[in-house]
Amino acid sequence: MTLSFTNVVVPVDFSGESPQAIRAGLDAVDDASKLHLIHVLLPLDSLSPGVLLGDTSDESRKNRVEENLTKIAEDNSAATARRAVLFGSPGLEVTDYARHQSADLIVIPSHGYHGMKRLVLGSVAERVIRHATCSVLVLRRSDAE
Amino acid sequence: MKRSRSSFAALVTLAVAAVLVALPPVCSAQHTPTEVESSDDLNPGDETKPESDFRKSAANTLREFEKQVDKYSGQAVGFIASLFFYEFAGHSEFTMKLEEAAFDSPQFSSLISSVDASLSDDTRKTAVWSVKFVRSRLSEDDAVSFDAEIAAIRDAIQPLMDNASSAVNLGEADFTITLAKGDLNQPVASVVADALRSEFCSSKLRSLSVSLKELEPGEARTFHAVNSGIPIVVAWLVVGAVFFTLRMGFINIRGFTHAIRVTAGRYDNPDDEGEVTHFQALTAALSATVGLGNIAGVAIAIGVGGPGATFWMIIAGILGMSSKFVECTLGQMYRQVRPDGQVMGGAMYYLSNGLRELGLGPLGRVLGILFALMCIFASLGGGNAFQVNQSINAVQQAFPQLEAMGITVRFAIGVAMAFLVAVVIIGGIRRIASTAEKIVPLMCGVYVLLCAYILIMNLSAVPDACSLIVKSAFTPQAGYGAILGVLVQGFKRAAFSNEAGVGSAAIAHSAAKTDYPVREGIVALLEPFIDTVVVCTMTSLVIVITGAWDINNEAYSALISDRNGAGLTVEAMRSQIQWFPYVLAVAVMLFAYSTMISWSYYGERCWAYLFGDHSSMVYKIIFVVFVVLGSVMSATNVLDLSDLMILGMAFPNVLGVALLSGKVRRALDDYWQKLKSGEFHQP
């Protein structure tokens, strides 16, 4: 049996696992335009030189991420995928977005962090699973423990 | 862990000792009312109480003191960072304020032994002793021969000196003796200095300085000895800076004109990766470095080390240009550009990632974490408490009516500054911070002009001042100890001010838009030049020309012994132009504010490196709390704390940077060859 989905959300964090997630998302839909590539940014909360003296703003960050989303989509044969940049807490924003778009699947890579790093960074995948109202496909890294 | 506990216990013990001195009312509050009364009776000149009462009261005070020491030395709380700061910085201070009779009592030596016993062997190796005896019993009219004074000093110090015989770093000592006016004259000063020198210098101390201060009517006679040692970290920074200067083929000199061209924007390319222009990156880094270190720190260096400290400060600044070049080049090489275009870089990244490339991954990770930890504490000390503390000193000194209000007004200003910091770093009102940072170059200019104006008014004195600076850099001056001590003061305050080798500036410089890491490194070498060679030297010349460095001058001696550097600069300027202190007070507040904002970013980046971006609010709250703490802490404590923490960052940084210097040299050679062949297009 082949599972078929009409609206698939793939959170992209531009890590090494992102291309794999996009390809898995593509496998689940018959047309790349049914794919949503989204990236969640934390609102600007820094006094970096770029913010205080340069042109860094939430707007510039959003534009930059959109460029990067376009690039990663094109590089992974998903040029027609829809793209969105959101601000807020990654786990919640992903599930909210999926709900608003009536998505039927979220494909998310798990970084396989463990120990201290997991404790500190938490797991976006965990939060997505907890809050999602649709199916969630968690891609495990081959070297995850 | 055990070592850290014992060190912490020692630290607590010493801190308590210092607090007991700083807050005499607290000590007397522990006495019964009768004892408080008898304590009041100990004012100089009041001889009404029988001697036996006096001894009894002194013994009580001593017992209370002992109890405090026992209580706190028994409390060992694990705090691993304290071990590092404490031991590596090679500085401990033990201060006592005791009544006259206490010196003769057997409890005195047992007290010293108990404090001493609480110091671990490791601590003692780098420990440096400071003893402060306040002889409140002696009246101004008492005839005291110097033989007796020296004998008392010897007896008092002997147990400490004996215990410290295994010390490897017992270096410089700084004595201040307060005596009645009649006793105070130059031949006498020489006698005392010689006696002390022959007593201690040959055997235990490498250098020693003695200065005399006139006894104010009603003031207690004091004997204050500070042995600040030769901090290993200062040697570490200097050796590092010399090494980098040689390794990079004197980039500090040959890269200078190119640095100015790059900063002027002649190589700017808006399409290069990064967030800010070269000039903006330099401004951001300067706003962190140009601060109270340039105004207060320099004055302290000259007050303690004499005019010769200026010379060594300039040398340290010039050498530091090379350190800054290497670390900021590495900051660019190993920066991480996030998907949203924000750049994250700094010593923690090049230490962990750079050393991993060399096959030293575990070492790199440890050094990266160590650096980040140090940087967090340094941002609270030198980047925060020191700035608040000294800027309030400057304001109080400029407006005497505020000084009269004492700690209340300090606390009020501290709360106000904390509020202004909080609205920016927590409230997110970035415009204020942005404006403060943007006007740093302007304020630098204003400050240099103020100083230049004073120099022009005293033009005829400038050659003499310069020759005094150079002469006293190489020849010991009466009252300022041996050359080594002067050199240490100069180097220490230069390092504290320009942060070369400390690794902090790499965080700011990594944001620059460039495809050539070396190019930003070259821009960065201007930082110690502007900070130390220009701004610090201006402060120095003002202090030297106005004579504010002279501890024998009663207008300045108290400011020097209180380490009130900002106040000293204010007074030096007031002696020339009455209203200069007001301009200075404004400049100082702005410098302090922009430095705090910049350091809060450094600290926050390091916090995020260790604990992730999500928890940085915890750090920000701690930072704001330290603004208030800094306003009410004693200047000496703040200065020591700041020194320890900022210079503590230099350990992981210089080690890592030295290991990575080969890579920087190759990149520099490649860049230089392209530059010389005209490959770089200048728009």
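This note goes through selected features of a predicted model, point by point.

1. Strand β4 of chain A, residues 105–110, is mostly covered, with six of its six residues buried. The cover extends to both faces of the strand, since A:Leu105, A:Val107 and A:Pro109 are buried on one side, while A:Ile106, A:Ile108 and A:Ser110 are buried on the other. In a regular strand the side chains alternate between the two faces of the sheet. A:Ser110 may be worth a look in the viewer, as one of the residues buried on its face of β4(A) together with A:Ile106 and A:Ile108.

2. The pairing of β4(A) involves two strands of chain A. Strand β1, residues 8–11 of chain A, runs parallel to β4(A) and is joined to it by two bridges, with A:Val8 having A:Leu105 as its bridge partner. Strand β5, residues 135–140 of chain A, also runs parallel to β4(A), and here six bridges join the pair; within this pairing, A:Ile108 of β4(A) stands opposite A:Val138 in β5(A).

3. Two nonpolar cores deserve separate mention. The largest has 154 residues, and those with the most contacts inside it are B:Phe325, B:Tyr350, B:Met573 and B:Tyr602. Helix α17 of chain B, residues 361–398, gives the largest share of this core, namely 16 residues. Apart from it lies another core, of 24 residues, which includes A:Val8, A:Val10, A:Ala28 and A:Leu37. A:Val8 thus appears here as a core residue and in the preceding point as the bridge partner of A:Leu105.

4. B:Met573 can serve as a way into the largest core, being among the residues with the most contacts inside it. When residues up to four places away in sequence are not counted, B:Met573 touches B:Tyr447, B:Leu450, B:Cys451 and B:Ile454, and also B:Val542, B:Phe580 and B:Leu584.

5. A:Arg61 takes part in salt bridges with a residue of its own chain and with one of chain B. Within chain A, the partner is A:Asp58, and the closest N and O atoms are 2.8 Å apart. Because A:Arg61 and A:Asp58 are three residues apart in helix α3 of chain A (residues 58–75), about one helical turn separates them. The second partner is B:Asp340, whose side chain meets that of A:Arg61 at 2.7 Å, N to O. This pair crosses between chains, from the loop between β5 (336–337) and β6 (343–344) of chain B, where B:Asp340 lies, to helix α3 of chain A. As for exposure, A:Arg61 is buried at a relative accessible area of 4% and B:Asp340 is buried at 6%, whereas A:Asp58 is partly exposed at 28%.

6. Other salt bridges can be set beside these, the count over all chains being 14. The side chains of A:Asp30 and A:Lys34 meet at 2.8 Å, N to O; A:Asp30 is exposed, at a relative accessible area of 60%, while A:Lys34 counts as partly exposed, at 24%. In chain B, a network of salt bridges links B:Arg338, B:Glu604, B:Arg605 and B:Asp613.

7. B:Thr514 is a loop residue that is nevertheless buried: its place is between α24 (505–509) and α25 (517–524) of chain B, and its relative accessibility is 2%, where buried means under 20%. Leaving aside neighbours within four places in sequence, the residues in contact with B:Thr514 are B:Asp272, B:Glu273, B:His278, B:Gln332, B:Arg335, B:Arg519 and B:Glu520. As for B:Val657, it is 143 residues from B:Thr514 in sequence, and the two C-alpha atoms are 21 Å apart in space.

8. Finally, two residues that are not glycine have a positive phi, and a reader checking backbone geometry may wish to view both. A:Ser77 has a phi near 55°; it is placed in the loop between α3 and β3 (82–87) of chain A, and it is exposed, with a relative accessible area of 62%. B:Phe250 has a positive phi of about 55° and lies in the loop between α10 (232–247) and α11 (251–254) of chain B. With a relative accessible area of 43%, B:Phe250 is partly exposed.

Note on methods
Residues numbered from 1 in each chain as written. Chains lettered and ligands numbered in written order. Predicted model: local features only at pLDDT ≥ 70, side-chain atom pairs only at ≥ 80, totals over all residues. Heavy atoms only, no water. Buried < 20%, exposed > 50% of the residue type's maximum accessible area, 1.4 Å probe, protein only. Helix = DSSP H or I, 4+ residues; strand = E, 2+ residues; numbered from the N terminus. Pairing = 2+ DSSP bridges. Contact = heavy atoms within 4.5 Å. Salt bridge = Lys/Arg side-chain N within 4 Å of Asp/Glu carboxyl O. Core = buried A, V, L, I, M, F, W, Y, C linked by side-chain atoms within 4.5 Å.
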